[in-house]
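Reader: I am new to this one. Could you walk me through how to read its features?

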Amino acid sequence: MLMFPICLSTALTAEGENYTIARVTREHMGAYLCIASNGVPPSISKRIGLTVEFPPAIEVPKQLVGARLGRPLVLQCTSQAFPKSHNYWVRADNMLVQGPGYETEMVETSYSISMRLTIESVTHYDFGEYKCVSKNYLGETEQTIKVEHVKSQDSGWGPAATKLPKHSKGKYLGRPVSENSIEIPDAEESTSASSPASSATANVFLAVATLIGALSHISRTIL
């Protein structure tokens, strides 16, 4: 007699009337096939289902989420439990249900449940902590997701403007200059872009120097 699990990608076989699992985990849950044969066809088989009970466990992709005002926001978490767990979202000790501004969704696959909370348009009230809760008769667990305000770039949010020397137009050390970068003009551009007052002052100094030179030449000639 052979018995092996048909739910695993790699089938494990065992001969005999008994198949012993030393330490059962949730990964052992599934269907097993028992086959009896004495060498004379046909063989007979029996399908046996194994269920493993365990308390809920929750996984959260991100525990800190940034959101902008007026934009939609989706919060997610995944719970695993057997028997089937009761799952819901909590905000400020109040259970969140389907309603204006909020949409809740749950997708079940085997003993796993994916929970999604969609905020249609984020307001100042929506910033703070959210909890996804899962419970069955074996236990209860929860995970917290914190939503923080992220300002839009047009209101000053983002990296501070940085002055960078310009090595080539639109690039800094061979890389494109970001929107927040301020290019410093080259020396030639600085000279060509100088103010009229600076040019006039330079001309006055040049005229004075020329006059002094002429007077010195006349004095040497007379002497």
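Author: We will take the strands, then their faces, then one charged residue. Keep in mind that this is a predicted model.

Reader: Let's begin with the sheet. In what order do the four strands of the open sheet stand?

Author: Reading across the open sheet, the order is β5-β7-β11-β10, with antiparallel pairing. From one strand to the next, the twist averages 20°.

Reader: Why is one side of β5 and of β10 left without a neighbour in the sheet?

Author: Strands β5 (54-59) and β10 (102-109) stand at the edges, and each has a single partner strand, so one side of each has no neighbour in the sheet.

Reader: And how many bridges join β7 to β11?

Author: Eight bridges join β7 (residues 73-82) to β11 (residues 112-119), and the two run antiparallel. You can follow the pairing residue by residue: Thr78 stands opposite Ser114 in β11, and Ser79 stands opposite Ile113 in β11. On its other pairing, β7 is joined to β5 by four bridges, again antiparallel. There, Glu59 stands opposite Thr78 of β7.

Reader: How should I read the faces of a strand?

Author: In a regular strand, side chains alternate between the two faces of the sheet. In β7, the covered face holds Leu73, Leu75, Cys77, Ser79 and Ala81. The uncovered face holds Val74, Gln76, Thr78, Gln80 and Phe82.

Reader: What is the count of buried residues in strand β4?

Author: The count is zero among the seven residues of β4 (residues 44-50), so to speak a strand that is hardly covered. Strand β4 pairs with β3 (residues 30-36) in the antiparallel sense over seven bridges. One of the bridge pairs is Tyr32 with Ile48 in β4.

Reader: Now the charged residue. Is Arg91 buried or exposed?

Author: Arg91, which lies in strand β8 (residues 86-91), is buried. For a charged residue like this, look for a partner of opposite charge; a salt bridge needs a side-chain nitrogen of Lys or Arg within 4 Å of a carboxyl oxygen of Asp or Glu. Arg91 has no salt bridge, and the nearest side chain of opposite charge, Asp126, is 4.7 Å away.

Reader: Which backbone oxygen lies 2.9 Å from a polar atom of the Arg91 side chain?

Author: That is the backbone oxygen of Phe127. Leaving aside neighbours within four places in sequence, Arg91 is in contact with Leu96, Tyr102, Tyr125, Asp126, Phe127, Gly128, Glu129 and Tyr130.

Key. Residues are numbered from 1 along each chain as its sequence is written. This is a predicted model: local features need pLDDT of at least 70, side-chain atom pairs count only at pLDDT 80 or more; totals for chains, interfaces and linings use all residues. Side-chain values use heavy atoms; hydrogens and water are left out. Two strands pair if DSSP finds at least two bridges between them. Axes are lines fitted to C-alpha atoms, for helices over the stretch in contact, and angles run from 0 to 180 degrees between N-to-C directions. Buried means under 20% relative accessible area, exposed over 50%, partly exposed in between (1.4 Å probe, protein chains only). Lys and Arg count as positive and Asp and Glu as negative; His and the chain ends are not counted. A polar contact is a pair of N or O atoms within 3.5 Å; within protein, one must be able to donate a hydrogen and the other to accept it, and residues adjacent in sequence count only if both atoms are side-chain atoms. Contact means heavy atoms within 4.5 Å.
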